[in-house]
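This report considers strand pairing, helix packing and aromatic contacts in one protein chain. Please examine the sequence and the structure before reading on.

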Amino acid sequence: MAEAVVGLLVVKLGMALAKEALTFGGALLYKEVAALRRLFGKIRDSKVELESMQAYLQEAEQFKDTDMTTAIFVGEIRGLAFQIEDAVDELTYKLEEVKHRRGFAAKMKKRLKNIKTWRRLAAKLHEIEAKLQNAKRRKKDYSIGRSVSVAGSTNQGQALHFTKDKDLVGIEENRDRLIWWLTGGGDDGGDDDLEQRSSKVTTVWGMPGVGKTTLVAHVYNTVKVDFDAAAWVTVSKSYCLEDLLKKIAAEFSIAVDVTNIEMRGIAESIHNYLQGKKYILVLDDVWTARVWSEIRNVFPTSGCIGRFVITSRNHEMSLLATRESAIHLEPLQEHHSWLLFCKGAFWNNDDKECPLELQNLARNFIAKCQGLPIAIACIGRLLSCKPPTSAEWENVYRGLDSQLAKDVIPDVDMILKVSLEDLPYDLKNCFLHCAFSPEDYVLKRRTIMRQWIAAGFIREKGGYRTLEEVAEGYLAELVNRSLLQVVERNYAGRLKHCRMHDVIRLLALNKAKEECFGEVYNCSAAGAFSVVGARRISIQAENLEQLSRSGATHLRVLHVFKGYINVDLLMPILTSSNLLSMLDLQGSRINMLPNEVFNLYNLRYLGLRYTEIESLPEAVGRLQNLEVLDAFGAKLTYLPNSVVKLKKLRYLYALGSGEAYTIGSIGGVKVPNGMHLLAGLRALLCVKASPEFLREVGALIELRTFSVCNVRSEHSAYLSNAITKMSHLVHLEIIAAAENEVVQLEGVHLPRTLSWLGLSGQLDKASIPQLFSSWSYLNGLTRLQLAFSNIDEDTFSCLHVLRGLHFLELINAFEGKRLDFYAESLPKLRFLHIWGAPQLNEVRIAEGAMQNLIELWFGFCPELEFLPDGIEHLRALEKLRLVDTSEELIEKLRRQRDSDECSENEMKISHIRNVTVRLRHKRLLERIRCIFFA
């Protein structure tokens with residue numbers, strides 16, 4: 001992980017050097033120029049040295065556990081890198097501090113004082129440079145080579161996967177599927193015979209430790225007797241193609257003189273040997289799809305039967321599978337976890353039962369493992385060697401929440417270590433950052449991306465991808481590598497929410513502490529929790545009594561995850577943490593920020609989401625490095641005039657919470673004049689419209705997300721002109737001042753980049769057909785939300801021109817009696833929500849309409865007495881929800897559910913696995929159908 005620290009520092013040094021010319025540009029004192037020139041020279045020297053060291057550190061990471069000399073050297077480099085970072089951040093802070101001095105005399109006094117600071121920092125960097133050279137010399141003098149270490153490192157991440165059949169649990173269904181795919185259930189001729197005569201690739205993928213190798217090993221040992229030739233090869237992370245082919249040849253027992261034959265000869269030998277045979281090859285723990293693409297042509301495909309099984313922790317490997325022959329191995333269900341735990345902890349007992357007095361503790365262990373087989377097996381194995389007493393088990397359990405976690409579950413720690421070593425340094429930082437959220441915390445894609453960007457973990461790649469695109473790619477890669485788990489995808493299949501498995505999180509936090517990346521305060525440790533030397537702290541407890549609040553001079557990131565926390569107790573930390581770059585107080589019940597916050601000149605992220613903050617002072621303008629100001633869901637009603645000074649601001653969220661399905665309650669904020677100066681803004685919501693603001697916002701051409709409320713008819717020309725200039729816009733929301741306010745949008749030219757469009761307010765009925773028709777060129781528009789739009793039967797049909805829609809939501813927007821969906825209309829629609837249609841009494845769906853619809857909701861439609869006519873045509877439909885439709889319809893469905901007879905309605909919805917009805921005034925919420933498929 002030292003290379004992650006150094007990599008991030010190299011980027012920061014580059015940013016500091018980019019300011020060099022700007023710093024010299026002013027009228028500076030001669031001595032100040034000389035001191036700064038020497039300081040920047042030292043920064044440049046440090047950058048060159050660290051750039052040269054990066055590649056070595058990445059390689060050294062895998063040896064430091066077996067080579068103490070390397071471990072000491074890597075630790076020294078990390079510590080020196082932190083000292084360099086402190087010096088550079090202090091330079092940035094002092095340069096900003098001068099800007100906020102009032103009056104010529106005060107500024108001159110501060111600049112004269114800073115000359116001493118510049119000299120001190122230059123001397124400090126010179127001293128660090130000398131220490132670095134001494135560390136390199138010692139490393140060279142006392143290094144004894146790596147021959148033993150290298151040999152020992154090749155098997156990292158490969159545990160002994162021999163498990164007795166009777167000890168395997170929870171694999172029955174996947175075992176049977178895998179056996180069927182590999183054997184085809186016999187050779188009966190016909191189409192099955194054709195399938196047997198071909199080559200087939202099966203993949204098994206999932207997070208580290210989920211049991212991929214155990215499952216495949218069991219199946220392999222079961223079926224290999226049915227094959228003429230069988231081989232099992234574990235593919236190393238840094239494989240060599242020639243070595244891999246030699247291993248395959250050896251496992252197939254092919255007689256090859258590997259010392260005197262070229263790679264092509266080995267490939268030909270394998271091909272000729274397998275020709276005409278029925279063979280199986282398992283490639284275990286494959287890290288990249290390139291492995292298969294490089295060797296697949298070695299194996300014969302005609303006149304023989306080839307079966308290949310690939311295990312991997314990477315999702316991309318599942319794409320190699322033939323047809324549907326991929327298994328995503330998930331953590332165990334609770335009852336299987338219990339069985340596995342008891343088999344391990346009580347393996348020497350005949351009944352393998354957990355004593356009654358230990359069952360609560362056993363359930364705590366199982367809950368902590370969250371179905372991860374390797375963790376359950378590790379803990380069970382450890383407990384089997386302990387006296388079966390509550391005191392002993394409680395002692396082991398406490399170790400899971402401390403730095404002892406890697407000793408309690410060493411196999412998982414080893415697997416995670418290998419996964420981390422394979423990550424690029426910037427991705428390592430991103431991964432460890434995710435671990436600082438509480439247990440079972442749901443990570444939101446946009447929030448985590450903004451935090452990564454503000455933390456400096458994300459760099460533009462070649463100028464053709466934005467920081468946001470790079471960040472989303474990193475998030476997808478962590479999911480692909482099974483280090484994060486998908487919780488929810490949005491309507492378009494895009495990742496929305498994810499989480500980190502708790503066992504992975506425990507070991508990641510242990511790694512973060514070991515590498516001085518950061519620590520979590522949860523009030524669980526005995527004694528005081530020191531913040532001295534800490535660079536990142538995540539506070540996950542409301543009681544701060546154990547938190548030492550002095551000496552936080554190195555702190556860069558402070559997260560607070562508890563609502564009822566006394567922010568006054570954080571004052572000493574905020575006062576001493578001048579170099580803080582990220583402060584996240586999301587959800588804290590505070591109504592005013594301490595004044596100390598506005599002296600944090602290096603602050604890049606200020607998180608006030610869902611706080612009680614009602615106003616920000618003019619002092620916020622002093623935070624001129626701020627990139628993210630997130631006050632979404634806070635109680636702000638206006639922004640101070642000084643906010644326009646925040647020239648580096650990239651995201652500005654200031655939307656108060658309002659009542660659902662009403663317009664007037666939406667809490668937009670009033671902004672000052674001069675918003676056009678924030679030219680780097682990518683996101684701005686939610687702002688109250690005014691002629692002055694709408695004239696200025698057109699200058700913000702980098703906006704991707706824009707939300708404006710309190711829009712009136714007289715604003716139409718200004719709004720149209722502004723939006724036309726926003727050529728990169730992806731998400732647009734326009735909210736009228738009142739439900740009866742007509743929003744004139746005829747002159748608005750929406751950019752082709754638009755994906756999400758929300759309109760709240762009446763539309764001119766006469767202009768609706770032309771308006772919807774004018775959007776037909778928006779091929780990327782996937783979500784449309786209309787509220788209070790005054791749409792009837794005729795105007796609704798005009799929406800069918802939007803053939804790219806995935807999500808359509810009408811909220812108090814439909815005033816007609818009948819909804820018609822014609823054949824082949826809305827072919828890509830997946831979600832359709834109709835809320836607040838008081839006159840709707842009939843819905844007709846033609847065969848061929850909405851063929852991809854998976855979710856259909858009707859809410860607050862009191863006249864809807866019948867199921868949609870043609871709902872049986874929606875074969876992809878998975879969820880039907882009826883909320884406050886007519887009582888007759890809901891009661892009819894309830895009666896038919898409880899009846900033994902099969903009614904017409906039941907036949908219509910028999911293919912829908914989840915049907916839910918709700919009558920709020922009767923406090924009724926029931927499932928008519930709820931079918932879960934394994």
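In which order do the three strands of the open sheet lie, and is their pairing parallel or antiparallel?

## Sheet

In this predicted model, the three strands of the open sheet follow the order 6-8-7, and their pairing is antiparallel. Strand 6 (443-444) and strand 7 (485-489) are at the edges; each has a single partner strand, so one side of each lacks a neighbour in the sheet.

Four bridges join strand 7 and strand 8 (residues 495-499) in the antiparallel sense. Glutamate 488 has histidine 497, in strand 8, as its bridge partner.

## Helix packing

Helix 19 (residues 425-434) packs against helix 21 (residues 467-480) at an angle of about 75°, and the axes are 10 Å apart. Angles of 65 to 115 degrees count as roughly perpendicular, and helix 19 and helix 21 are therefore roughly perpendicular to each other.

Helix 19 contributes Asp426, Leu427, Cys430 and Phe431 to the contact, where they meet Tyr474, Glu477 and Leu478 of helix 21. Five of the residues in this contact are nonpolar, two are charged and none is polar.

## Aromatic pairs

The structure contains 26 aromatic pairs. In one of them, the ring centres of phenylalanine 252 and tyrosine 279 lie 6.4 Å apart with the planes at 85°, so this pair is edge-to-face. Phenylalanine 252 is in the loop between helix 10 (241-251) and helix 11 (263-274), whereas tyrosine 279 is in strand 3 (residues 278-284), 27 residues apart. Phenylalanine 252 counts as buried at 3% relative accessibility, as does tyrosine 279 at 0%. Both belong to an aromatic cluster with Trp292, Phe299 and Phe308.

Terms used
Residues are numbered from 1 along each chain as its sequence is written. This is a predicted model: local features need pLDDT of at least 70, side-chain atom pairs count only at pLDDT 80 or more; totals for chains, interfaces and linings use all residues. Side-chain values use heavy atoms; hydrogens and water are left out. Axes are lines fitted to C-alpha atoms, for helices over the stretch in contact, and angles run from 0 to 180 degrees between N-to-C directions. Helices (H or I, at least four residues) and strands (E, at least two) are DSSP runs, numbered from the N terminus. Angles under 35 degrees count as roughly parallel, over 145 as roughly antiparallel, 65 to 115 as roughly perpendicular and the rest as oblique. Contact means heavy atoms within 4.5 Å. Ala, Val, Leu, Ile, Met, Phe, Trp, Tyr, Cys and Pro count as nonpolar, Asp, Glu, Lys and Arg as charged, and the others, Gly among them, as polar. Two strands pair if DSSP finds at least two bridges between them. Rings of Phe, Tyr and Trp (its six-membered ring) pair if their centres lie within 6.5 Å; planes under 30 degrees apart count as stacked, over 60 as edge-to-face and the rest as tilted. Buried means under 20% relative accessible area, exposed over 50%, partly exposed in between (1.4 Å probe, protein chains only).
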